[in-house]
Amino acid sequence: MSSMRDQDHALSMRQAISLVSNLLGAAHDLNERRRQNGNCIQVDRTPFHASRIPKMLVPDYIERLTTYLKFSPEVLLIAAYYIQKVTIGAEGSRPVGDLDVTAYTVHRLLITSVLIASKLFEDVFFSNEFYAEVGGLTTAELNLLELDMFKRLSFTAYIRLDEFEQFVQSLPSRAPEPEVVRTVTFRKIRACSKEDTVIHVRHDLSPCVKPFRHSDSTTYD
């Protein structure tokens, strides 16, 4: 499998963070308008619903993930694609379900989708224990979220290029040129297939992590 860290990135991490933050922000705002207008679908709590709204803003949380987990910009875009597939708040996603992008769910959706995307599209990645530490969760919580998201993805995280094309077309107008996103990310998706995937888990490369307050693992300091 080709490395996700080619030196010729046409898409910077800064662009990817801005893009994903805007995309999730738009989904959150849409859900808030639906709720205020009485058009929001009543949903039950899921493992992705935190008991309290995390204090850390979404762009800062994404910055934290990129700082410690060292994944590529493409992985962040693919993670956002997974979030859109499993939620009910963004255009093009399921019209009915029990999960949408809100202040209570967005952080858990992010860490889980990044975990799954990294496992499939990076040559090396960290253990679930380390992802949980960075994300402010217990390992048991993250394991449950990973399984839940895989179920919502019908146990296949491999990406159809035509579906990803639709996702690219739905990106906010402030995004980098769609052709840039499409060309760079499609190259990485094609490079990863069921036949040539080789997984290596990082055990000894974990940097020192600034801890969260774990008395409530869903609250970020």
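What follows is a chat between a colleague and a modeller about a predicted model.

Colleague: Before we get into details, what is the average pLDDT of the protein?
Modeller: This is a predicted model, and pLDDT is the predictor's confidence in each residue. Of the residues, 65% score at least 70. The average for the protein is a pLDDT of 75.

Colleague: Which element has the highest mean pLDDT?
Modeller: At the bottom sits strand β2, residues 200-202, with a mean of 41. Two stretches also score low: pLDDT is below 50 over residues 89-96, and it stays under 50 over residues 193-207. The highest mean, 96, belongs to α5.

Colleague: How many contacts does the model have for residues 193-207, beyond four places in sequence?
Modeller: For residues 89-96, the model has 19 contacts beyond near neighbours in sequence. Over residues 193-207, with pLDDT under 50, the number is 30.

Colleague: On to the helices. What span is expected for α6 at 1.5 Å a residue?
Modeller: Helix α6 covers residues 139-152 and has 14 residues. From its first C-alpha to its last it reaches 20 Å. That is close to the expected span, which is 20 Å.

Colleague: Which helices do the buried residues of α6 pack against?
Modeller: The buried ones are Leu 142, Leu 145, Glu 146, Asp 148 and Met 149. They cover an arc of only 165° around the axis, so they sit on the same side of α6. On the other side, Ala 140 and Lys 151 are exposed. The buried residues pack against α3 (73-86), α4 and α5.

Colleague: Which residues does Thr 112 touch, leaving aside its neighbours within four places in sequence?
Modeller: Thr 112 lies in helix α4, residues 106-121. Its relative accessible area is 0%, so it counts as buried. Leu 142, Leu 145, Glu 146 and Met 149 are among the buried residues of α6, and they turn up in the contact list of Thr 112 too. The full list is Phe 48, Leu 142, Leu 145, Glu 146 and Met 149.

Colleague: Is Ser 154, after α6, buried or exposed?
Modeller: Ser 154 follows α6 and lies in the loop between α6 and α7. Its phi is near 60°, a positive value in a residue other than glycine. Exposed means over 50% relative accessible area. At 56%, Ser 154 therefore counts as exposed.

Colleague: And what is the phi of Phe 155?
Modeller: Phe 155 is found in the loop between α6 and α7. At 55% relative accessibility, it counts as exposed. Phe 155 is not a glycine, yet its phi is positive, near 60°.

Colleague: Which residues of helix α7 are exposed on the side away from its buried ones?
Modeller: Helix α7 runs over residues 161-169, and its buried residues are Phe 164, Phe 167 and Val 168. Seen down the axis, those fall within an arc of 100°, so they line one face of α7. On the other side, the exposed residues are Gln 166 and Gln 169.

Colleague: What kind of aromatic pair do Phe 164 and Phe 167 form?
Modeller: The structure holds six aromatic pairs. In this one, the ring centres are 5.3 Å apart and the planes are at 45°. Planes under 30 degrees apart count as stacked and over 60 as edge-to-face. That leaves this pair as tilted.

Colleague: Why can those two Phe residues of α7 be about one helical turn apart?
Modeller: An α-helix has 3.6 residues a turn, so residues three or four places apart point the same way. Phe 164, at 0% relative accessibility, counts as buried, and Phe 167 does too, at 2%. Being three residues apart in α7, Phe 164 and Phe 167 are separated by about one helical turn.

Colleague: Which residues form the aromatic cluster with Phe 164 and Phe 167?
Modeller: Phe 164 and Phe 167 form a pair with each other. One aromatic cluster takes in both of them, and its other members are Tyr 81 and Tyr 82.

Colleague: Last one: how far apart are the C-alpha atoms of Gly 135 and Tyr 68?
Modeller: Gly 135 is found in helix α5. With a relative accessible area of 0%, Gly 135 is buried. Along the chain, Gly 135 and Tyr 68 are 67 residues apart. Their C-alpha atoms are separated by 9.9 Å.

Technical notes: Residues numbered from 1 in each chain as written. Predicted model: local features only at pLDDT ≥ 70, side-chain atom pairs only at ≥ 80, totals over all residues. Heavy atoms only, no water. Buried < 20%, exposed > 50% of the residue type's maximum accessible area, 1.4 Å probe, protein only. Helix = DSSP H or I, 4+ residues; strand = E, 2+ residues; numbered from the N terminus. Arc of directions from axis to C-beta. Phe/Tyr/Trp six-rings, centres within 6.5 Å; stacked < 30°, edge-to-face > 60°. Contact = heavy atoms within 4.5 Å. Expected span 1.5 Å × (residues − 1). pLDDT = per-residue confidence, 0-100.
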